[in-house]
Amino acid sequence: MRVAKINRDTAETKISVAVNLDGTGSAKLNSGIPFLDHMLDQIARHGLIDLEVTCQGDTHIDDHHSVEDIGITLGQAIAQAVGDRKGIIRYGHSYVPLDEALSRVVVDFSGRPGLEYHVDFTRERVGTFDVDLFREFFQGFVNHAKITLHIDNIRGLNTHHQAETVFKAFGRALRMALTLDERAINVIPSTKGVL
C-alpha cells in the first residue's frame, strides 16, 4: 500500500501527517486552524486520499508557521508514499467551479519543485484566516513533494469560493496524477528513466 507517516517537530510547530494514496477520502484533521482543516478536507475527499493531520503550532503569534509547515510535511508524506513513482500517470489536471468561482490546477510529479500560483483573492481574509498563507502552503508542498504545480483561479468574487475551488481542483489533480496505470505498472513515466 502507498502509505506514509511523517512527524515534524520544530521550535514553532509539532506536526504529524499520515496519508494513504489509495484511500477513500477519509480525513481526521486537527491543524488548530479551522479554515485550513476545511481546505485539507477538500484534498482528501476529492483526491480520494486518506489524510490525518495534527498540529500544535504557535498560532498565538499567527498561523504562518503552522500553514507552511503542514504544507512541507504533507509534501514529504506524499513523496514517501508514492516512492519511485513507477506506474503513476504522473500528470494531473482539474477545473473546478463553485458558483461564480472557477479554478484550474495542473500537477506534474516531475521530481522538480516548481510553483506557478496565480490567485488574486478578492479579500485578504476568510473569517480570521489570512489567505496569503495559501501560497506558503503550496510552496512548502511542492518543495518537499518535488512536483511542478500550476494553480490558476480563473474567476471568482467570493474569497471562500475561490479558495475552495483551488483546493478541490488540487485534490482532483493529485488523484489523476497518482493513479496507477496497469499497462505501465513497473515503468517510470519519463524518457530519462528517473523522476
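Colleague: At what angle do H3 and helix H4 (residues 159-178) pack, and how far apart are their axes?

Modeller: Keep in mind that this is a predicted model. In it, H3 and H4 pack at about 15 degrees, with their axes 12 Å apart.

Colleague: Why is H3 called roughly parallel to H4?

Modeller: Angles under 35 degrees count as roughly parallel. The angle here is about 15 degrees, so H3 is roughly parallel to H4.

Colleague: Which residues make that contact?

Modeller: H3 brings Phe134, Phe137, Phe138 and Phe141, while H4 brings Ala163, Val166, Phe167 and Phe170.

Colleague: And how do those residues divide into nonpolar, polar and charged?

Modeller: Ala, Val and Phe are among the residues that count as nonpolar. The contact of H3 with H4 comes out as 8 nonpolar, no polar and no charged.

Colleague: What about H2 and H3, at what angle do they pack?

Modeller: Helix H2 (residues 64-82) and helix H3 (residues 133-145) pack at about 30 degrees, and their axes are 7 Å apart. The cut-off for roughly parallel is under 35 degrees, so H2 is also described as roughly parallel to H3.

Colleague: Which handedness does each crossing have, left or right?

Modeller: H2 passes H3 in a right-handed crossing, and H3 passes H4 in a left-handed one.

Colleague: How do the residues between H2 and H3 divide?

Modeller: In that contact there are 10 nonpolar, 6 polar and 2 charged residues. Gly counts as polar, and the residues that meet include Gly71 and Gly75 in H2 and Gly140 in H3. Glu counts as charged, and Glu68 in H2 and Glu136 in H3 are among the residues that meet.

Colleague: On to the strands. What makes E1 and E3 edge strands?

Modeller: The open sheet has 4 strands in the order E1-E2-E4-E3, with mixed pairing. Strand E1 (3-9) and strand E3 (27-30) each have a single partner strand, so one side of each has no neighbour in the sheet.

Colleague: How do you know that E1 pairs with E2?

Modeller: Pairing takes at least two bridges. E1 and strand E2 (residues 13-20) have 7 bridges, in the antiparallel sense. Val3, for one, has Asn20 in E2 as its bridge partner.

Colleague: Which strands does H1 lie across?

Modeller: Helix H1 (residues 34-47) lies across E3 and strand E4 (50-57), and runs at about 160 degrees to E3.

Colleague: How many bridges join E7 to strand E10?

Modeller: There are 5 bridges between E7 and E10 (residues 148-155), and the two run parallel. Leu115 stands opposite Leu149 in E10.

Notes:
Residues are numbered from 1 along each chain as its sequence is written. This is a predicted model: local features need pLDDT of at least 70, side-chain atom pairs count only at pLDDT 80 or more; totals for chains, interfaces and linings use all residues. Side-chain values use heavy atoms; hydrogens and water are left out. Axes are lines fitted to C-alpha atoms, for helices over the stretch in contact, and angles run from 0 to 180 degrees between N-to-C directions. Angles under 35 degrees count as roughly parallel, over 145 as roughly antiparallel, 65 to 115 as roughly perpendicular and the rest as oblique. A crossing is left-handed if the near helix is turned anticlockwise from the far one by less than a right angle, and right-handed if clockwise. Contact means heavy atoms within 4.5 Å.
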